[in-house]
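Me: I've got this one open on my screen. Can you walk me through it?

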Amino acid sequence: MSMQKKNGIVLGLGLALAVAGPAQGSAGSDVEMMDPDVSHHDRASIRKGAELYAQYCVGCHSLKYLRYKRLAEDVGADKQWLEEEIMRGDKDPYDHITSSMDPQDGVEWFGLAPPDLSLTARAQGEDWIYTYLNTFYVDEDSDVGYNNLVQEGTSMPHVLASLQGDQKAVRDDHGEVVDLEPVEGEEGRLSQEEYREMTAQITAFLSYAAEPIRADRERMGVWVILFLIVFTGVFYLLYKEYWRDIKK
Ligand code: HEC
């Protein structure tokens with residue numbers, strides 16, 4: 001192959017990558033992500049997050065891999081909690097967490113059926129979910145009245161607006177959104193701190209829901225390592241014992 005041809009191929013590849021690069025990142029990928037600082041072992045937060053989810057989210061979003069009963073066991077709650085806070089209606093503890101929304105209605109109202117959120121924490125990450133819930137801003141051009149920093153053109157309505165209050169975009173000379181600021185006179189019922197805590201709890205719950213076994217596995221891991229350490233000691237003593245006579 002001639003040198004010229006080779007150069008052509010390298011240049012072509014380079015161009016292809018340069019073009020593909022920016023298109024790959026999701027809309028708003030240069031947005032700085034917020035860290036919810038959540039833990040799989042924080043059962044109180046996960047439990048509170050589940051209650052909030054049942055109150056504000058399950059009307060649209062199912063969690064089809066998680067059963068009510070498993071959730072109750074994992075957060076150390078009883079049947080009464082399930083019935084009063086989570087299932088609210090004719091659900092069975094052995095059911096998966098389903099939304100009552102007919103997907104077809106979703107398509108009619110939002111242009112698409114609200115997605116199942118079982119795996120969102122793994123697909124998008126905890127930071128993304130937390131940032132998503134915190135960066136809705138008023139957008140007159142949007143059908144739902146809001147846009148979102150990490151999901152440009154989102155079709156999810158800002159269902160927590162009455163709690164957070166409204167935010168508006170601060171734009172630079174090129175019309176790019178550089179920051180969000182509260183809209184005066186449209187404050188929410190919660191302070192910023194309270195809203196962040198609430199959305200961190202919802203994020204903790206979604207993160208748990210994406211991998212319910214994780215906390216168990218990590219606890220188990222500690223025991224496995226302790227076991228290995230103890231038995232290394234035991235086997236070392238045995239080794240010394242066996243070789244004592246042979247070495248003589
Ligand atoms: C009124 C219906 C509705 C409610 C209630 C609702 N959502 Fe949504 N949500 C949607 C729709 C529609 C989308 C799809 C947005 C899109 O892709 O443009 C969505 C998307 C999402 C996504 C992004 C999923 C992804 O991978 O793109 C997350 C995360 C999410 N919702 C979380 C929540 C949480 C948490 C709550 C409760 C606080 C909630 N939603 C309540 C309708 C709803």
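Reply: Sure, starting with a rule: rings of Phe, Tyr and Trp (its six-membered ring) pair if their centres lie within 6.5 Å. Keep in mind that this is a predicted model.

Me: How many aromatic pairs does that rule give?

Reply: Just apply the rule to the rings here. By that rule, the count comes to nine aromatic pairs.

Me: Is the pair of Phe 231 and Phe 235 stacked, edge-to-face or tilted?

Reply: Both residues lie in helix α10 (residues 214-247), four residues apart, about one turn of the helix. Their rings are 6.1 Å centre to centre, with 50 degrees between the planes. Planes under 30 degrees apart would be stacked and over 60 edge-to-face, so this pair is tilted.

Me: Is Phe 235 buried or exposed?

Reply: Exposed means over 50% relative accessible area. Phe 231, at 34%, is partly exposed. Phe 235 has 51%, so Phe 235 counts as exposed.

Me: Which residues coordinate the iron atom of the ligand?

Reply: One sits in the loop between α2 (43-56) and β1 (63-67), the other in the loop between β4 (146-148) and α8 (161-164), 95 residues apart. They coordinate at 2.0 to 2.1 Å, through NE2 and SD, and they are His 61 and Met 156.

Me: Are His 61 and Met 156 buried or exposed?

Reply: The cut-off for buried is under 20% relative accessible area. His 61 has 11% and Met 156 has 18%. So His 61 and Met 156 both count as buried.

Me: What is the arrangement around the iron atom?

Reply: There are six donor atoms around the iron atom of the ligand. They subtend angles of 87 to 178 degrees, so the arrangement is octahedral.

Methods:
Residues numbered from 1 in each chain as written. Predicted model: local features only at pLDDT ≥ 70, side-chain atom pairs only at ≥ 80, totals over all residues. Heavy atoms only, no water. Donors = N, O, S within 2.8 Å, 3.2 Å for Na, K, Ca; no water. Tetrahedral: all angles 85-135°; square planar, octahedral: opposite > 155°, others 65-115°. Helix = DSSP H or I, 4+ residues; strand = E, 2+ residues; numbered from the N terminus. Buried < 20%, exposed > 50% of the residue type's maximum accessible area, 1.4 Å probe, protein only.
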